[in-house]
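Visitor: I would like to learn how to read a structure like this one, feature by feature. Could you take me through it slowly?

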Amino acid sequence: MAMRGAERRGEGRRPRLIAPPRVPPGPLRDFKRHVYHLYLAAGAPALEDIVKLVTEDDTLPGCPSKDTVSRLISGGTLPGLPDAETVAEVLARAQPGPVDPTEAVARTRKLWIEVNSNPTARPHTAEQWGAARLGVLPAVGGEDAEDTLTPYLVRAHDQVLRQRIRQSVADRVSVLALLVGQPSSGKTRAAYEAVCAELGDWPVLIPSGPRELLDWIGTDSVDACTVVWLDEAERFLTGPLGEETALALGTLLERISPCAVLGSMWPEYARRLASRASVAPEAPFHGRALLKRSRAEIHVPDYLSADLRVARRLAAQDPRIAAALRAALVASEDRPRLIQQLTGGPELVQLYGRGPGNAFSEIEHALLSAAVDVRRLGHSGVLPSALLAEAAVGYLPATARVTHDKAWFANAVESLVQQGALVPGRLAAGLGEPDGYHVCDYLDQSVRRSRAHLAPPPELWGAVVRHAPGAEDLCALGEAAQDRRRYGHAVRLYRRAIAMGSENARSGLALLLEEVGDGSGADTAAGTSARAWLTVAVARENAGDPQAAVRAYELAAELGGAGAWAALVRLVYAQGGAGGTEVAARAARAGDAGAWIALARLHEQSGATEPARQAYRAAAAEGEPWGWMGLARLCERAADLLGAAIAYGTAAEAGVSSAWRELVRLHWDAGRRGDAEEAALTAGAAGAEAWLDLARRRSACGDLRGAESAYLAAESVCVGSAATKLVALREAAEDPRGAEEAAASAARSGDGQAWGLLARLRERGGDPVAADRAAEEAAAVGDLEAWVVLTRMREAAADRPAAERAALKAAQAGEPSAWSALSRMRERSGDREASERAAHRAAELGEVGVWTALGRVRAETGDPESAERAFELAVGAGDPEAWGPMGGLRAARGDHAGAEEAYRSGVDAGDTEAWEGLLRTVGRRRRKSGEVWFGLADDGGLVSRLADEEWEGG
């Protein structure tokens, strides 16, 4: 049966191709891909043609409409079986050549039944999944309370999240929102309620971990109008796959629209991602960029403030809320933590704190301790039952390990689940009994802080080796063992991860063995991994062995390691320079023209202009557009402005966006302002930097109107900083309404930084009321830094009441760091009492690092005794970073035993710098001549022999 629709539409015209289905891996995707293959094999007919053929044949079992056919071929839903069989038969008949439609129909029927028999294979909305499956903790309460959600208290962060979702849907763009707050503060419930209210008919995808999420994105399986649910988002954005996942999420948000990626995260993980302090290779550059570019963070306060009146009304409707509110007000009238009491978190912390054999049995207590330790050491998902059962043995005394109850594990788990201490989960696909667990968030955070300085027993490491479900978890635990100098366990964890295909584990094991002097073991571990050889090469170069580094870089380059050829050029050039050209030529033949750029810059830095020009030309000839940028720069230095303009233009046309900015600068500096504007206009969407540069130059010469038009042009091509610059320009021109309009325009796209800038400008201008209003607007779209900056500014101006009001506003919005900043500022000003008051406020609000930061200030200002007291408070609050500086203070005053204790706790907490302190205090008085210590045994003893079978890597 031929389809004649193309003839009716006219010669040469073809129907628009239906997009392929985007469905996560599973039975539904198998079904959709089968139908889509039939559609393509039939010549991708128009929907009208398919429907016409259906209506012409009364023998077919179904009669789908045009919309139904479209959803069947490309959508994410499962149609009725008669409609599916009908479309399959029509498409099979339309295929050229001898095709048996009955086989296509039979295959369609079989795949349809597989999907229909597995309810989890089909997309579910948030309400279909249910709150519990999405991670919302059940409420505890009165005996008559039904097992349902409590009435919901809508707070300020809910309004921010819902407005951001509404705006993204209206603009047909994708949105990433991370609700950041302390455990059991209502993050997941807020996301659930927002999706039900705003995206109620969108399917919600719940990846089990980063690997599954990467597979979905990599196979183009996430469709538009879909929610990707990332509860405990730190599992996805930190750890071995964190950077890869952040890059993939950025790609998803750009490629698929609209879609919503929603998640939750503890503040300490959010700060770690946002921090610029780390410049190490493992620093989360892509994660930080993703959060900043998407302006993803929405802070959730962990206590009620202005919402208390509404909470009282809800308490009259639900006895669980009433009981929780009474308990929260008894604990703190100023900062009632209703949500935490509602989920039973504080009570569980008290029960655990009584120790084993009291509220929790010895086995129950051991299971909780083991579960928290495995998670705090890097395991991202739910913990398999076998892993928990084996690990818990290491937390029990010998007498408690004697039991005649074969169901000891099942009984203990059942009790913990009933009490809300353990949350069940499922590792296997489909519905069924739980096969994994994790500790509830509130208890988890408390226990991990109390155990932060403790190394786990050896049984835990062994249980992870034998039962961890994924290579990423094994690799993460391997890194944790390595940081704690438990090299034997690290080697076994890495090897198991390598056996499961982990490239990260190869790099980790190779680096470990290289650092302890086992070069041959490092070579073996690196194998055929370009990334691992790059790691080894960098280590050997840093250790002062350039020849060995060259060999490692060569292997990395031959295996396709990014940046290996450039590093090889640099090393060879440093050894005399003559071989650099040969290496760059080899790199180019291997497809890496960037090595010519590296060589050219080395020549340029040494003043060898002609060799640099030749290398840049070679790069350009190989298709590397940055070669033209280098040539342009050399032309400028030689006063060849025409040659520079041609080279910059060529680079710009080849995709180097910064070349447009350089063209603007070149023309402007030469007095050709019309040509500068023409360059910005020609750049179009790629000319963001050009418009910003043009705006700055116009502003500097007094052309404010021209500067404003340039900033508006930059904003039109989605440059976030353009709106901020426009705010500053209008505020400086005494146009407050225009400044507010620009800030509001930026806020509508989710950018609160423009309001934050306006708050600072108005505070400097002596208008604190207007500054407060701007800071409120900034916080409403997620920029809490405005309140922190106002706190600092007012404290510096000696207006303490205003500073504390700003710090309180910041805390109410979910950012307690303003109190920490006040503490340090007051310490430096000599007001110890006020400093400690502010530190206590910060600590009460969950700012764990406040006492460590205060201790460092005291140490810097020459008060070691007070500094040590601050560090003691820090370790008591669970901050592992305080052990190292505490050890240093103790060693300085001659308390070597106390220093050793602190340094050991630091090493056990994973502080890699504490190891050097431990060696200084212990090593010099115990080490034999020529003996080198590399790590610690399970009993804390020092390991000094490479041949030690406990951790030999060869």
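Visitor: In which sense do strand 1 and strand 5 pair, and over how many bridges?

Guide: Helices (H or I, at least four residues) and strands (E, at least two) are DSSP runs, numbered from the N terminus, and two strands pair if DSSP finds at least two bridges between them. In this predicted model, local features need pLDDT of at least 70 and side-chain atom pairs count only at pLDDT 80 or more, whereas totals for chains, interfaces and linings use all residues. Residues are numbered from 1 along each chain as its sequence is written, and side-chain values use heavy atoms, with hydrogens and water left out. Here strand 1 (residues 175–180) and strand 5 are parallel, joined over three bridges, and Leu178 has Glu297 in strand 5 as its bridge partner.

Visitor: What is the order of the five strands in the open sheet?

Guide: The order is 2-3-4-1-5, with parallel pairing, and the edge strands, each pairing on one side only, are strand 2 (204–205) and strand 5 (297–299). Helix 12 (residues 242–255) packs on this sheet and touches strand 1, strand 3 (227–230) and strand 4 (260–265), where contact means heavy atoms within 4.5 Å. The direction of helix 12 makes about 145 degrees with that of strand 4; axes are lines fitted to C-alpha atoms, for helices over the stretch in contact, and angles run from 0 to 180 degrees between N-to-C directions.

Visitor: Where is Pro258 found?

Guide: Pro258 lies in the loop between helix 12 and strand 4, and the peptide bond that leads to Pro258 from Ser257 is cis, with omega near -5 degrees.

Visitor: Is the pairing in the sheet of three strands parallel or antiparallel?

Guide: That open sheet, in the order 6-8-7, has antiparallel pairing. Strand 6 (383–384) and strand 7 (422–425) each have a single partner strand, so one side of each is left without a neighbour in the sheet. Strand 6 is joined to strand 8 (residues 436–439) by two bridges, with Pro384 opposite Gly436 in strand 8. Helix 21 (residues 408–418) lies across strand 7 and strand 8, at about 110 degrees to strand 7.

Visitor: How many cavities of 30 Å³ or more does a search of the whole structure find?

Guide: Rolling a probe the size of a water molecule over the atoms shows where empty space is left. On a 1 Å grid over the protein atoms alone, a cavity is a set of points where a 1.4 Å probe fits but cannot get out, and lining residues have an atom within 4 Å of a point. Grid points are joined across faces, edges and corners, and a volume is the space filled by probe spheres set on the points. The search finds three such cavities, and the largest has a volume of about 120 Å³. Of the 15 residues lining the largest cavity, the closest to its centre are Gln182, Asp302, Gly814, Pro816 and Leu845.

Notes:
1 Å grid on protein atoms, 1.4 Å probe; cavity = no way out; pocket = protein on both sides within 12 Å on 5 of 7 lines; lining within 4 Å.
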